[in-house]
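Here are a few notes to read alongside the model, written for someone new to looking at structures. Take the points one at a time and find each residue as you go.

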Amino acid sequence: MLNPERLRELIAGGENSLVEFKEDAVENRKLARELVALLNHRGGYLLLGVNDKGEFVGLTRPDNEERIMNVCADLITPTVAATYYELTLAEKTIAVIEVEAGHNKPYAVSEVANLDGRKTKVKLYYNRYGSTTREVTDRDEIQRLFQASGKLHY
């Protein structure tokens, strides 16, 4: 669990491969993508209530904890247990969502795609590349994610 001083240091350091900033108005699927990318990388922190410039904007929704837990259970496969807590900085409440590097890699966001006029469930894989989150589409990269779980051996 971060203390307020360590949280300030993380925010001052900006977004990187372990830290992502989001305002709490962000759509649930975007939150799921960011969490999946952190899980597939090395874990890290998603900070709600901080804009892309690193400014404290605070939380505006009263349901953020429940919302994050629902995202982790309903949109991410396999289901993940994130740690959620809130801290106050500069009179603004910031939510910290901590995830450790996932042991059940690869993690994916469950999406519904329209394929040939039919709705089909698909899994989209994401990873962190520096301060960006990108979809993993390369077969070799997906294989590396499976291998990182320790359940696939070459």
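1. Let's begin with a term: a nonpolar core is a set of buried Ala, Val, Leu, Ile, Met, Phe, Trp, Tyr and Cys residues joined through side-chain atoms within 4.5 Å. Keep in mind that what you're looking at is a predicted model. In this model, the largest such core has 24 residues. If you want to find the ones with the most contacts inside that core, look for L35, L46, L48, I68, I76 and I97.

2. Where does this core come from? At least two of its residues are supplied by each of α2 (28-40), β2 (43-48), α3 (64-74) and β5 (92-100). Helix α2 gives the largest share, with 7 residues.

3. I68 is a nice residue to click on. Which residues is I68 in contact with, leaving aside its neighbours within four places in sequence? They are L31, L48, Y84 and I97.

4. Don't stop at that core, though. There is a second, separate core made of 13 residues, and L2, V19, F21 and I94 are among them.

5. Two of those names take us to strand β1 (residues 19-22). V19 and F21 point one way from β1, while E20 and K22 point the other way. Are these four residues buried or exposed? All are buried, the charged-looking names included.

6. Now see what β1 pairs with. Strands β1 and β2 run parallel and are joined by 4 bridges. To spot the pairing by eye, find F21, which stands opposite L47 in β2.

7. Elsewhere you'll find an open sheet of 4 strands, in the order β3-β6-β7-β8, with antiparallel pairing. Which strands stand at the edges? They are β3 (76-77) and β8 (132-135); each has a single partner strand, so one side of each is left without a neighbour in the sheet. As background, strands of a sheet pair through backbone hydrogen bonds, either parallel or antiparallel.

8. Take a closer look at one pairing in that sheet. Strand β3 is joined to β6 (residues 108-115) by 2 bridges, and the two run antiparallel. Here I76 stands opposite V109 in β6. You have met I76 already, as one of the residues with the most contacts inside the largest core.

9. Next, the largest pocket. About 220 Å³ of space lies in it, and 15 residues line it. Nearest its centre are A81, E98, V99, E100 and A101. Strands β2 and β5 are the elements that give two or more residues to the lining. How does the lining split by class? It has 8 nonpolar, 5 polar and 2 charged residues.

10. Finally, some backbone oddities. Most residues other than glycine have a negative phi, and most peptide bonds are trans. The peptide bond from T77 to P78 is cis, with omega near -10°, and P78 sits in the loop between β3 and β4 (83-89). Another cis bond runs from K105 to P106, with omega near -5°; P106 belongs to the loop between β5 and β6.

11. For positive phi, go to the loop between β4 and β5, where you'll find A90 and E91. Phi of A90 is near 50°, and E91 has a phi of about 60° although it is not a glycine. Why does E91 count as exposed? Exposed means over 50% relative accessible area, and E91 counts as exposed because its relative accessibility is 79%.

Conventions:
Residues are numbered from 1 along each chain as its sequence is written. This is a predicted model: local features need pLDDT of at least 70, side-chain atom pairs count only at pLDDT 80 or more; totals for chains, interfaces and linings use all residues. Side-chain values use heavy atoms; hydrogens and water are left out. Buried means under 20% relative accessible area, exposed over 50%, partly exposed in between (1.4 Å probe, protein chains only). Contact means heavy atoms within 4.5 Å. On a 1 Å grid over the protein atoms alone, a cavity is a set of points where a 1.4 Å probe fits but cannot get out, and a pocket is an open set with protein on both sides within 12 Å along at least five of seven lines; lining residues have an atom within 4 Å of a point. Grid points are joined across faces, edges and corners, and a volume is the space filled by probe spheres set on the points. Ala, Val, Leu, Ile, Met, Phe, Trp, Tyr, Cys and Pro count as nonpolar, Asp, Glu, Lys and Arg as charged, and the others, Gly among them, as polar. Two strands pair if DSSP finds at least two bridges between them.
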